[in-house]
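This report looks at aromatic contacts and at the pairing of strands. Please view the sequence and the structure below before reading on.

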Amino acid sequence: QLQLVESGGGLVQPGGSLRLSCQASGFTLDYYAIGWFRQAPGKEREGVSCISRSGGRTNYADSVKGRFTISRDNAKNTVYLQMNSLKPEDTAAYYCAADFNPTGFCTVAVPSKYDYWGQGTQVTVSS
């Protein structure tokens with residue numbers, strides 16, 4: 001069964017940090033770009049960040065640039081999203097998704113490109 005599973009969410013105070021993980025099972029991520037998306041209640045889904053198949057290219061939404069870092073460990077079939085200096089507006093359900101993309105680029109501008117999606121992990125930033 002092809003599956004993506006997110007973990008690492010939770011409750012954190014403003015200014016705190018969390019690291020989200022996205023692990024694949026049933027397939028290898030070697031030829032997939034991975035994107036992180038988030039959706040807060042009553043808001044549209046937002047692309048947060050993505051990383052190319054090799055990890056050589058990354059993209060970030062302006063709202064998280066300089067605070068979030070995406071990385072991947074293909075040997076572990078896992079992608080990470082390190083989130084620092086968290087703000088209340090970062091509160092959302094976070095989803096990872098895999099886009100079969102051997103080109104070496106990635107984008108979160110077209111969510112329909114992504115073939116597999118995880119179930120999400122909740123991040124709540126509150127004092």
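Rings of Phe, Tyr and Trp (its six-membered ring) pair if their centres lie within 6.5 Å; planes under 30 degrees apart count as stacked, over 60 as edge-to-face and the rest as tilted. The model discussed here is a predicted one. One aromatic cluster in this model is formed by Phe 27, Tyr 32, Phe 100 and Tyr 116.

**Aromatic pairs**

Seven aromatic pairs are found when the whole structure is searched. Among them is the pair of Phe 27 and Tyr 32, with an edge-to-face arrangement, the centres being 5.2 Å apart and the planes at 70°. Phe 27 also pairs with Tyr 116, here in a tilted arrangement with 5.0 Å from centre to centre and 40° between the planes. This second pair links distant parts of the chain: Phe 27 is in the loop between β3 (18–25) and β4 (32–39), while Tyr 116 is in strand β10 (residues 116–117), and 89 residues separate the two.

How buried or exposed are these residues? Phe 27 counts as buried because its relative accessibility is 12%, and Tyr 32 counts as buried because its value is 11%. Tyr 116 has a relative accessibility of 26%, so Tyr 116 counts as partly exposed. The cut-off used for buried is under 20% relative accessible area.

A ring also meets a charged side chain elsewhere: Arg 45 lies over the face of Phe 37, at 6.0 Å from the ring centre.

**Strand β9 and its partners**

Which strand is largely enclosed by the rest of the structure? It is β9 (residues 92–100), because seven of its nine residues are buried. Strand β9 pairs with β4, with β11 (residues 121–125) and with β10. The table gives the sense and the bridges of each pairing, together with one pair of residues that stand opposite each other.

| Strands | Sense and bridges | Opposite residues |
|---|---|---|
| β4 and β9 | antiparallel, eight bridges | Ala 33 and Asp 99 |
| β9 and β11 | antiparallel, three bridges | Ala 92 and Val 123 |
| β9 and β10 | antiparallel, two bridges | Ala 98 and Tyr 116 |

Tyr 116 appears in both parts of this report: Tyr 116 stands opposite Ala 98, and Tyr 116 belongs to the aromatic cluster with Phe 27, Tyr 32 and Phe 100.

Definitions and conventions: Residues are numbered from 1 along each chain as its sequence is written. This is a predicted model: local features need pLDDT of at least 70, side-chain atom pairs count only at pLDDT 80 or more; totals for chains, interfaces and linings use all residues. Side-chain values use heavy atoms; hydrogens and water are left out. Buried means under 20% relative accessible area, exposed over 50%, partly exposed in between (1.4 Å probe, protein chains only). Helices (H or I, at least four residues) and strands (E, at least two) are DSSP runs, numbered from the N terminus. A charge sits over a ring if NZ of Lys or CZ of Arg is within 6 Å of the ring centre and within 35 degrees of the ring normal. Two strands pair if DSSP finds at least two bridges between them.
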